[in-house]
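This report walks through one protein structure for a reader who has not seen it before. Please keep the sequence and the 3D view at hand while reading.

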Amino acid sequence: MQKIKRNIPKIMSKKLFVLLLALLMTVSTFGINRRMMEDKTLVGVQASYMLPMGAYANDVNGTIGGGLRGKYFGTNTFAFGFDFGFFAPPINANRLTFVTDSIYQKFLIEDQRLGRVADSVQILDVTGTSQYIPFNISFEFYLPSRSLTNFRPYAGIGLGLNMVNRRYKPVFNTPKYVETGIPTFEQRIQPSSDKGFVSLNPVVGFLWTLDELWNINMDLRYNQLFGGQKGGVLSVHVGVMVDLSFKYVR
């Protein structure tokens, strides 16, 4: 019994040594990762897919686009990010039908004012184009990585400014210009809309550091639009980013 009691301090010393060694290795690992990411700036390009949600989905359909992305790491776990995108979503058929009916009603009023026959103007077709251009800034939190693979999941929240542009072009059965060179009433009606909307956008994703230069970023973002446009945009982004602090040494 006394022999066992004499061995207890030795056993405790060994356990304490192993615990301190494990703690030192953990701190060293975090130190490596800290030096790998802190104060680094990443920039790159990305391919994206946007899917309109809510009322915005009544106007346009989803489409593929692209853009630019950047990140600045203040620490190993916190980064300030920004991204700029460009999309040209096709206007859906229901929206074009609504615009066609609206234009035709304006023509009926103008015909009555001029004393013309209502069917003197016919809308042969209405085509439309649209643009969705988001610019977002975000604050991102990265889960600490305990290995050198640097597969880093993250979540963040940001603010955005979103430009939503629409253009409609009616095709009529009337000449484009009168003899005076002044556009006719029919040609002066070119429905369009250019508006900017503020958005709140949560984001989740991951950053995969391949080596000292190349990184892959993938994330899922939802832009909730405010300021008149009901609905939002759900978008998926996949991109390649390079580290601007990389220095090639032969």
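## Confidence

The model is predicted. Its protein chain has a mean pLDDT of 76, and 66% of the residues reach 70 or more.

Two stretches stay under 50 in pLDDT. One of them is residues 20-34, for which the model has 12 contacts beyond four places in sequence. For residues 177-183, also under 50, there are 6 such contacts. Where pLDDT is low, the predicted coordinates should not be read in detail.

## Strand β1 and its partners

Strand β1 covers residues 41-53. Its covered face consists of Leu42, Gly44, Gln46, Ser48, Met50 and Pro52. The uncovered face is made up of Thr41, Val43, Val45, Ala47, Tyr49, Leu51 and Met53.

β1 pairs with two strands described here. With strand β2 (residues 63-73) the pairing is antiparallel and runs over 10 bridges; in it, Val43 stands opposite Gly70 of β2. With β8 the pairing is again antiparallel, over 12 bridges, and Tyr49 has Val236 of β8 as its bridge partner.

## His237 in strand β8

Strand β8 spans residues 232-243 and contains His237. Is His237 buried or exposed? Its relative accessible area is 4%, so His237 is buried, the cut-off being under 20%.

The side chain of His237 makes polar contacts with two other side chains: that of Ser235 at 2.9 Å and that of Gln46 at 3.5 Å. Gln46 belongs to the covered face of β1. Beyond four places in sequence, the residues touched by His237 include Ala47, Ser48, Arg69, Asn217, Met218, Asp219 and Arg221.

## Arg166 in strand β5

Arg166 is part of strand β5. With a relative accessible area of 7%, Arg166 is buried. Which side chain is joined to that of Arg166 by a polar contact of 2.8 Å? The partner is Asp59.

Apart from neighbours within four places in sequence, Arg166 is in contact with Tyr56, Asp59, Thr129, Ser130, Ser192, Ser193 and Gln229.

## Nonpolar cores

The largest nonpolar core has 14 residues, and those touching the most other members are Met50, Tyr56, Val99, Tyr132, Val164, Tyr168 and Val233. Two or more residues of this core come from each of α2 (93-114), β4 (123-142) and β5 (151-172). A second, separate core has 8 residues, among them Leu42, Ala79, Tyr142 and Met241. In soluble globular proteins, nonpolar side chains tend to be buried together.

Val233, a member of the largest core, shows what surrounds one such residue. Leaving aside neighbours within four places in sequence, Val233 is in contact with Met50, Leu51, Tyr56, Tyr132, Arg221, Tyr222 and Asn223.

## Aromatic pairs

How many aromatic pairs does the structure hold? There are 7. One of them is formed by Phe78 and Phe141, which are tilted, with 5.2 Å centre to centre and 55° between the planes. This pair links distant parts of the chain, since Phe78 is in strand β3 (residues 78-86) and Phe141 is in strand β4, 63 residues apart. Both rings belong to partly exposed residues: Phe78 has 34% relative accessibility and Phe141 has 37%.

Ring pairs also link Tyr56, Phe87 and Tyr132 into a cluster. Tyr56 and Tyr132 are also named in the largest nonpolar core, and both are in contact with Val233.

Definitions and conventions. Residues are numbered from 1 along each chain as its sequence is written. This is a predicted model: local features need pLDDT of at least 70, side-chain atom pairs count only at pLDDT 80 or more; totals for chains, interfaces and linings use all residues. Side-chain values use heavy atoms; hydrogens and water are left out. Helices (H or I, at least four residues) and strands (E, at least two) are DSSP runs, numbered from the N terminus. Buried means under 20% relative accessible area, exposed over 50%, partly exposed in between (1.4 Å probe, protein chains only). A polar contact is a pair of N or O atoms within 3.5 Å; within protein, one must be able to donate a hydrogen and the other to accept it, and residues adjacent in sequence count only if both atoms are side-chain atoms. Contact means heavy atoms within 4.5 Å. pLDDT is the predictor's confidence in each residue, from 0 to 100. A nonpolar core is a set of buried Ala, Val, Leu, Ile, Met, Phe, Trp, Tyr and Cys residues joined through side-chain atoms within 4.5 Å. Two strands pair if DSSP finds at least two bridges between them. Rings of Phe, Tyr and Trp (its six-membered ring) pair if their centres lie within 6.5 Å; planes under 30 degrees apart count as stacked, over 60 as edge-to-face and the rest as tilted.
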